[in-house]
Amino acid sequence: MSSYIDHFLKSSRDLPNIITDSLHGVEKLDIAVTALSSRLDDELEKLVEEHMETILQENKSTNKKNPKKRKYVSSPTSSPSHDASTATPLSSIDPSLHQMKFIIEDFTDRKSQLAINAYDIIDQHIRVVDEEINLLETAIRLSGEEVPPVPTAKEVEELYSKTRKKRKRKKREKSHADDEDDENENSFEPVYCLCQKPNYGDMIRCDSDDCVIEWFHYPCVGLTKEPVKRWYCPDCTPHNK
């Protein structure tokens, strides 16, 4: 029983990764479909404009030769009874546009299939859980024990809220412990100068070989730049005059 539960829990733990991969695949395909659709729209719009320009030029040429004979220029708002000979023939469309249309349809189908597969996987896990619950309830009844009531949505939400708060508290405690470790590490830094603080900024070394402190911060000993001559700290100055 224990090994079966472990196997079931392991398969359930893999579920979020499977669904995430499927959704990422849907997202990538959707981005590709959007980009290809936009490109296809631009190409078709350009093709229609070129066709309209060709018809207009033909009309001008016809009007000059025979003012009574005109070719009909198709437009979205024109009557549907226009001359079909003015429509753009499919044979004149660039084959790459047909290929682009095919790719868009293929990507759209694949995107839908990924979403359906993700739904089926979730549905399958739900059905497995329902079946296991029924089996466990049956086993409990056969053992003579009472089946515990199913928790309500409110109880589940309260349990989730408590778990979430516990995780946040542990995270804060871990962060506080890390800060204390950093402080302890900093406490082992060597200190210098009269102020007994770590090394920072510009520092100068006392030229006395017997100096206990050795290194000093410029501001602590009233310096703004490096001295030209030998320099002694306030404690060593009386012994080195």
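Arg169 counts as partly exposed, at 40% relative accessibility. Partly exposed here means between two cut-offs: buried is under 20% relative accessible area and exposed is over 50%, with a 1.4 Å probe and protein chains only. The areas themselves come from the Shrake-Rupley method with a 1.4 Å probe, and for residues only the protein chains shown count as cover. Arg169 sits in helix H4, residues 153-187. Helices are DSSP runs of H or I with at least four residues, strands are runs of E with at least two, and both are numbered from the N terminus.

A word on the model. It is predicted, so to speak of local features we need pLDDT of at least 70, side-chain atom pairs count only at pLDDT 80 or more, and totals for chains, interfaces and linings use all residues. Numbering starts from 1 along each chain as its sequence is written, and side-chain values use heavy atoms, with hydrogens and water left out.

Back to Arg169. What surface patch does Arg169 belong to? A positive one, formed by Arg164, Lys165, Lys166, Arg167, Lys168, Arg169, Lys170 and Arg172. The rules for patches: residues with over 30% relative accessible area and no salt bridge, like charges joined within 9 Å, and nonpolar side chains (Val, Leu, Ile, Met, Phe, Trp, Tyr) within 5 Å. Lys and Arg count as positive, Asp and Glu as negative; His and the chain ends are not counted. Each charge is placed at NZ of Lys, CZ of Arg, CG of Asp or CD of Glu.

There is a patch of negative charge too. Its members are Asp41, Asp42, Glu43, Glu45, Glu49, Glu50 and Asp94. Take Asp94. It lies in the loop between helix H2 (15-65) and helix H3 (95-142). Its relative accessible area is 41%, so it is partly exposed.

Now the overall layout. The protein has four helices and two strands. From the N terminus the order is α-α-α-α-β-β. Of the 241 residues, 17% are buried.

Next, H2 and H3. Where do they come together? Start with Thr108, in helix H3. Its C-alpha and that of Val26 are separated by 9.2 Å, with their positions 82 residues apart along the chain. Thr108 is partly exposed, at 29%. His98 is also found in H3. The C-alpha atoms of His98 and Leu40 are 9.4 Å apart, and the two residues are 58 apart along the chain. At 42% relative accessibility, His98 counts as partly exposed.

Salt bridges. How many does the structure hold? Five. The criterion is a side-chain nitrogen of Lys or Arg within 4 Å of a carboxyl oxygen of Asp or Glu. Asp30 pairs with Lys111, closest N and O atoms 2.9 Å apart. That pair links distant parts of the chain: Asp30 is in helix H2, Lys111 in helix H3, 81 residues apart. Is each end buried or exposed? Asp30 is partly exposed at 33%. Lys111 counts as buried, at 18%.

A second bridge joins Glu105 and Lys101, at 2.6 Å from N to O. The two are four residues apart in helix H3, so about one helical turn separates them. Glu105 has a relative accessible area of 39% and is partly exposed. Lys101 is partly exposed as well, at 44%.

A third bridge joins Arg205 and Glu214, at 3.1 Å. Arg205 is partly exposed at 36%. Glu214 is partly exposed at 32%, and lies in the loop between S1 and S2. Look at its backbone too. Phi of Glu214 is near 75°, a positive value in a residue other than glycine.

Cys193 also has a positive phi, near 65°. It sits in the loop between H4 and strand S1 (203-205). Its relative accessible area is 0%, so Cys193 is buried.

Last, the aromatics. There is one aromatic pair in the structure. Phe216 and Trp231 form it, edge-to-face, 5.7 Å centre to centre with 65° between the planes. The cut-offs: rings of Phe, Tyr and Trp (its six-membered ring) pair if their centres lie within 6.5 Å; planes under 30 degrees apart are stacked, over 60 edge-to-face, and the rest tilted. Phe216 is in strand S2 (residues 215-217), and Trp231 is in the segment after S2, 15 residues apart. Both Phe216 and Trp231 are buried.
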